[in-house]
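Visitor: I should like to understand how the terms applied to this model are justified. Could we take them one by one, setting each value against its criterion?

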Amino acid sequence: MEVEYQEVYIRNSRGVQIFTCRWLPRLSSPKALVFLCHGYGMECSGFMRGCGHRLATSGYAVFGMDYEGHGRSSGARCYIKKFENIVADCYNFFTSISVQEEYRDKCRFLYGESMGGAVALLLHKKNPRFWNGAVLVAPMCKISEKVKPHPVVVNLLTRVEEIIPKWKIVPTKDVINSAFKDPVKREEIRSNKLIYQDKPRLKTALEMLRASMSLEDTLHEVTLPFYVLHGEADTVTDPEVSRALYEKASSKDKTIKLYPGMWHGLTSGEPDENIEIVFSDIIDWLDKRAGGNSVGFQSSRPHGNGVERLNCSIAVGNRKGPHRSNNRGSYLCGLKGRLAYRSAM
């Protein structure tokens, strides 16, 4: 199926220029809408390109945005002043797409990887009836008990976060080697200059920690259909996190799949044959749920969503998706590592 790729810059409610992109089936109406939530330090146009192209080739309209300070969006590099800002920006953009006439009757699915999994779950909590489901790949929704930081450490850092919020003082290991199994794909990630590969900033680390802990305390409030995937050999985010989500969520339609021997980068860092298996499972799950009616539309209209369109560049492509410049870098997603996280998304 031929895919059309588009890029559009918008401004968020705080006046910051935000990069967005989309992959659309060119010759047919999409089965449903899929909204990408990328991981910490990542970006959509390169890192998530393989994912966007694969889903569009399977008939889905796929939309992504680089969070403020990430990728091609403006803002201090990977500085998260408030995690809620990311959620609000995604909500405003995603709902602005959903209300368009050609998409109003389409089912709406969230797709989140690592920290993007937390964003997706918080989007669900923001408006539980708006989304038809979510695909969550190694999501950040709980702090592993093995590495939960001591409250004293968190308290000390909290006292200085407003004094030195942007300081890159949180130690972190370069986990690209442990997140992405395929050495060629691993080096593609390293060469992507849009991916943040420096130490996490203090306030960013604390905001991610708070988001994780907040989700951990409210996993029972998750009610949307979801499919959570995790590599059993993931040393970046503990598979126990996905198990906890599956066990505690109140969703009636929930599925978990653990992949033996696979690492953190399920959709981008594994050998091609493994990536084919993972995407086949994701698309099969979506296909079984994409035929229904969209949910909660009237009550879910965005209220003054503050999305201002700036410009658009369009490329019609047969860009092949299987090979990715999409792969996570070495940043804290908050699930592995002291407050010196070992995360990659």
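Guide: Buried means a relative accessible area under 20%, exposed means over 50%, and partly exposed lies in between. The model under discussion is a predicted one.

Visitor: Why is D281 called buried?

Guide: The relative accessible area of D281 is 18%. The limit for the term is under 20%, so D281 is buried. This residue lies in helix 9, residues 272-287.

Visitor: Which residues is D281 in contact with, leaving aside its neighbours within four places in sequence?

Guide: With those neighbours set aside, D281 is in contact with Y227, K257 and Y259.

Visitor: What makes the pair K257 and D281 a salt bridge?

Guide: The criterion asks for a side-chain nitrogen of Lys or Arg within 4 Å of a carboxyl oxygen of Asp or Glu. For K257 and D281 the N to O value is 3.0 Å, and the pair therefore qualifies as a salt bridge. Because K257 belongs to strand 8 and D281 to helix 9, the pair ties together parts that are 24 residues apart in sequence.

Visitor: Why is K257 called partly exposed?

Guide: K257 has a relative accessible area of 31%. Partly exposed covers the values between the limits of 20% and 50%, so the term applies to K257.

Visitor: How do you know that E84 and K126 form a salt bridge?

Guide: Their side chains meet at 3.3 Å, N to O, and the cut-off is within 4 Å. E84 is in helix 2 and K126 in helix 3, so this pair ties together parts 42 residues apart in sequence. E84, at 42% relative accessible area, is partly exposed, and K126, at 38%, is partly exposed as well.

Visitor: How many salt bridges does this rule give?

Guide: The count comes to 17 salt bridges. Among them is the pair D253 and R289, at 2.8 Å, N to O.

Visitor: What makes the phi of C78 worth noting?

Guide: Phi of C78 is near 50°, a positive value in a residue other than glycine. C78 is found in the loop between strand 4 (61-65) and helix 2 (83-98). Its relative accessible area is 2%, and the limit is under 20%, so C78 is buried.

Visitor: Is S114 buried or exposed?

Guide: S114 has 0% relative accessibility and therefore counts as buried. S114 is not a glycine, yet its phi is positive, about 55°. Its place is in the loop between strand 5 (108-113) and helix 3 (115-126).

Methods:
Residues are numbered from 1 along each chain as its sequence is written. This is a predicted model: local features need pLDDT of at least 70, side-chain atom pairs count only at pLDDT 80 or more; totals for chains, interfaces and linings use all residues. Side-chain values use heavy atoms; hydrogens and water are left out. Helices (H or I, at least four residues) and strands (E, at least two) are DSSP runs, numbered from the N terminus. Buried means under 20% relative accessible area, exposed over 50%, partly exposed in between (1.4 Å probe, protein chains only). Contact means heavy atoms within 4.5 Å.
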